[in-house]
Amino acid sequence: MRIVIAGGHGQIALRLERLLAARGNEVAGIIRKAEQGDDLREAGAEPVVLDLESASVEEVAAQLRGADAAVFAAGAGPGSGTSRKDTVDKGAAVLFADAAVQAGVRRFVVVSSMGANPAHEGDEIFDVYLRAKGGADEYVRGLDALDWTILRPGALTDDAGTGLVRLEAHTGRGPIPRDDVAAVLAELLDTPATAGLTLELISGSAPVPVAVKSVAGN
């Protein structure tokens, strides 16, 4: 498969690129800064320099044409202010989804966040973030032209992955290594029967392939 990842230099995205490339997929990662390109090449991905905060739908669609799947893994990051939660965490996700529709890429996977909700209350930056992610998820779910899956991981850690997870519509809160998030994303891309599902993910006791097959059957 050819897979295009938005936010290609993110911590989860780099892990995912390595996994997908190792499986023999052709992977491209969209990045904002050319100097990030070497990290993507090292992971086995082709860097595409494009700023999703200023690009047009047509420009993004041009990079998606011919792809078999698209993954939205971009984020404004913990150091950003409230305005970039709207322009990146929501705005760029909406743009990337519209571009996928225009390019005819049906399979669309979103890395969201546990607790994402467009009606989430509160004025802290994290509250704004959860509203932005929730709004983006809601927009994607409304696009009939996409076979979407939305993944909402719990508290992300840099611990080594165990390959053992809990993946359900509602898991309750808990931690999850970024390694295991990437492994689940790779498996979701290989499992089109997970289209139409919004899933929460934390560490658990089921091997990743078993967990994904289990939700695909529901």
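Visitor: How do α4 and α5 run relative to each other, roughly parallel or roughly antiparallel?
Guide: This is a predicted model, where local features need pLDDT of at least 70 and side-chain atom pairs 80 or more, while totals for chains, interfaces and linings use all residues. Residues are numbered from 1 along each chain as its sequence is written, and side-chain values use heavy atoms, without hydrogens or water. Helix α4 and helix α5 (residues 125–141) have axes 9 Å apart, fitted to C-alpha atoms over the stretch in contact, with N-to-C angles from 0 to 180 degrees. Their angle is about 10°, and therefore α4 and α5 are roughly parallel (under 35 degrees; over 145 is roughly antiparallel, 65 to 115 roughly perpendicular, the rest oblique).

Visitor: Which residues of α5 make the contact with α4?
Guide: Contact here means heavy atoms within 4.5 Å, and helices are DSSP runs of H or I with at least four residues, strands E runs of at least two, numbered from the N terminus. From α4 come Thr82, Lys85, Asp86, Asp89, Lys90, Ala93, Val94, Ala97 and Asp98. They meet α5 through Ile125, Val128, Tyr129, Ala132, Lys133, Gly135, Ala136, Tyr139 and Val140.

Visitor: And how does α1 lie against α6, oblique or roughly parallel?
Guide: The axes of α1 (residues 11–22) and α6 (residues 178–189) come within 8 Å and cross at roughly 50°. That angle makes α1, relative to α6, oblique.

Visitor: Which strands are at the edges of the sheet?
Guide: The sheet is open, with nine strands in mixed pairing, ordered β3-β2-β1-β4-β5-β6-β10-β8-β11 (strands pair if DSSP finds at least two bridges between them). β8 (residues 164–168) and β11 run antiparallel and are joined by two bridges, and Leu164 stands opposite Pro207 in β11. The strands that pair on one side only are β3 (46–49) and β11 (206–207).

Visitor: What angle does the direction of α4 make with that of β4?
Guide: Helix α4 (residues 82–103) packs on this sheet. The strands it touches are β1 (2–6), β2 (26–31), β4 (69–72) and β5 (107–111). With the direction of β4, that of α4 makes about 175°.

Visitor: What angle does α6 make with β6?
Guide: α6 packs on the sheet too, touching β1, β4, β5, β6 (147–153), β8 and β10 (197–203). Its direction and that of β6 make about 165°.

Visitor: Is Trp148 buried or exposed?
Guide: Trp148 sits in strand β6, and its C-alpha atom is 6.0 Å from that of Arg107, 41 residues apart along the chain. Leaving out residues up to four places away in sequence, Trp148 touches others including Phe108, Val140, Leu143 and Leu197. Its relative accessibility is 11%, and the cut-offs are under 20% for buried, over 50% for exposed and partly exposed in between (1.4 Å probe, protein chains only). Trp148 therefore counts as buried.
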